[in-house]
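Visitor: Could you take me through one part of this structure closely, namely the sheet, and then show me what surrounds it? I would like to see the terms spelled out as you go.

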Amino acid sequence: MAETTQLEKPAIKKREPLFGPKERKLLTDPLNDNNPITVQVLGICSALAVTTLVWPSFIMAIAVVFVCAFSSLFTSLLRKSIPKQVRMIVQLVIIATLVTIVEMTLRAVDYAVSRQLAVFIGLIITNCIVMGRLEAFAMANKPWRSFLDGVGNGLGYGGILLAVAVVRELFGKGSLFAGSPIEWKIIGPSADYMLNTTTISWLGWYQNNNLMVLSCAAMFIIGVFIWIHRSWNPKLVDVS
Amino acid sequence: MHSKRYIYTFVLVMTAVVALVLALMATGLADIHERNAAIYNKKAILSAVDNYLEQPSSVLSDEQVMEIFDQQVEQVVVDAGGDPVEGRLAEDVDLAKEKDKPEAERHYPIYILNSPKGKVYIFSVRGNGLWDAIWGSIAIEDDFSTIAGVAFDHAGETPGLGAEIKDNPSFPAQFVGKEIYEGDGDYVSIKVRKGGAKDPVHEVDAISGATVTCDGVSEMMYRGLKNYEPYIDRVKK
């Protein structure tokens with residue numbers, strides 16, 4: 001009698017921790033060593049355009065984190081069944097769907113901000129960071145890790161976005177979070193501001209810098225950020 | 001390699017699922033979107049008459065905006081001859097669409113605010129900036145000449161330059177107190193002058209670096225308010 005002598009494979013596979021050092025690296029790497037904006041210089045278009053005010057930048061950052069994380073998750077879940085010939089189109093459809101969901105939600109929740117961000121929410125579809133992560137990571141990795149990678153890259157982008165916006169709004173408009181429930185007026189020529197330049201005599205010279213409102217200012221600021229980042233993080237310096 | 005049949009099926013199924021999800025969401029949120037858009041527009045109109053409200057329009061809640069519109073605002077629609085059009089609310093008139101009609105068939109919205117601080121007429125105007133459309137609400141006191149307040153908005157002017165017509169409160173503030181009629185009734189409107197206003201009654205300063213947008217505002221003020229002249233003539237009598 002032919003017995004089924006198939007050897008059982010050892011069932012105990014070494015379980016990887018849900019949030020081990022590898023996962024942590026996925027999350028923190030894009031914040032510093034592999035930042036999508038200051039190191040890879042991706043996603044610059046929207047970083048220049050939406051950063052005049054902090055509040056819309058904040059919303060934009062959340063939107064990108066959401067889209068980046070969930071498109072990575074879905075792409076990774078489908079990665080074995082997506083036909084290779086049409087994979088780019090499939091990724092694009094996933095991103096576009098999520099972006100449309102974000103846009104519709106935003107219009108229902110905060111209509112004024114959705115008017116301010118106008119076309120730039122839609123342009124997340126073409127944000128190279130999102131598509132880049134899908135091609136480079138999610139197509140070849142498991143869902144959980146891809147999700148973390150998406151969150152990490154979204155945060156890396158959003159962090160720089162917020163930093164640029166703080167500089168631009170503070171020096172360009174004298175306020176922070178204008179247009180939001182926690183609007184914070186800091187310096188300006190009326191009694192609404194914390195530092196009123198009309199009554200505090202030694203601040204009488206202060207003027208808002210209109211250059212900061214123009215998009216070229218964002219380019220200078222991002223340039224300075226890249227400079228600071230490189231001189232502060234020795235790993236990024238070319239050894240050649 | 002996947003077969004061709006597999007690829008087609010995959011794409012079809014994916015498209016169907018995505019379409020279903022988005023369609024459900026769009027219909028589900030349509031009411032909220034519509035309400036938000038209506039309140040946003042009403043708030044924009046009220047921002048022209050901040051001086052006549054108890055609180056500035058920027059701090060009004062959605063309910064307060066609706067309440068002011070219900071209790072203090074009378075909505076009138078007039079035709080090109082200045083006669084009132086029955087059965088149409090001002091908020092349903094979209095100037096962008098009226099522009100496509102022949103001039104004689106156009107309708108114009110008027111919002112009359114009866115606030116405790118006085119009666120003002122808010123006229124809607126629309127024109128072109130540098131990149132795209134600009135529009136605004138012009139509030140005029142009941143002498144039909146003195147500007148009580150203005151509010152502008154735009155579709156795509158440059159932030160920091162043309163967009164200042166909306167973002168910089170000192171630009172619309174200049175219009176308050178100017179007059180659109182000269183002496184005994186010659187229509188002159190308000191001009192935005194590059195290099196600084198010369199006529200203290202009919203001109204305001206332009207914004208540096210935004211000449212085309214400011215010329216657009218001048219043009220919009222002149223043409224936009226002229227559309228209301230027949231109405232003004234009729235009511236004045």
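Guide: Here is a walk through the sheet, followed by salt bridges, the chain contact and the cysteines. This is a predicted model, in which local features need pLDDT of at least 70 and side-chain atom pairs count only at pLDDT 80 or more, while totals for chains, interfaces and linings use all residues. Residues are numbered from 1 along each chain as its sequence is written, chains are lettered from A and ligands numbered from 1 in the order in which they are written, and side-chain values use heavy atoms, with hydrogens and water left out.

Let us start in chain B, where five strands make an open sheet in the order E1-E2-E3-E4-E5, with antiparallel pairing. Strands here are DSSP runs of E with at least two residues, helices are runs of H or I with at least four, and both are numbered from the N terminus; two strands pair if DSSP finds at least two bridges between them. At the edges are E1 (73–79) and E5 (147–154) of chain B, each pairing on one side only. From one strand to the next the twist averages 20°. Axes are lines fitted to C-alpha atoms, for helices over the stretch in contact, and angles run from 0 to 180 degrees between N-to-C directions.

Look next at E2 (residues 107–115) and E3 (residues 118–128) of chain B: the two run antiparallel and are joined by six bridges. Ile112(B) is the residue opposite Tyr121(B) in E3(B).

Two helices lie across these strands, contact meaning heavy atoms within 4.5 Å. Helix H6 (residues 211–226) of chain B crosses E3, E4 (133–141) and E5, at about 50° to E4(B). Helix H7 (residues 229–236) of chain B lies across E1, E2 and E3, and runs at about 165° to E3(B).

The edge strand E5 also brings us to a salt bridge, that is, a side-chain nitrogen of Lys or Arg within 4 Å of a carboxyl oxygen of Asp or Glu. Asp153(B) and Lys166(B) form one, at 3.7 Å from N to O. It links E5 of chain B, which holds Asp153(B), to helix H4 (residues 164–167), which holds Lys166(B), 13 residues apart. Asp153(B) is buried at 9% relative accessible area, whereas Lys166(B) is partly exposed at 35%; buried means under 20%, exposed over 50% and partly exposed in between, with a 1.4 Å probe and protein chains only. Elsewhere in chain B, Arg193(B) and Glu203(B) form a salt bridge, with their closest N and O atoms 2.9 Å apart. Arg88(B), Glu98(B) and Lys101(B) are linked in a salt-bridge network.

Stepping back, salt bridges number 13 over all chains, yet zero cross the interface of chain B and chain A. That contact takes 24 residues from chain B and 25 from chain A. About 2100 Å² is buried there, with carbon and sulfur atoms giving 72%; buried area is the accessible area (1.4 Å probe) that two parts lose on being put together, summed over both. In chain B, Phe10(B), His33(B) and Tyr40(B) lose the most area to chain A, together 24% of what that side buries.

Finally, the cysteines: with a disulfide defined as a pair of cysteine sulfur atoms within 2.5 Å, the count is zero over all chains. The sulfur of Cys45(A) is too far for a bond, because the closest cysteine sulfur, in Cys128(A), is 8.4 Å away.
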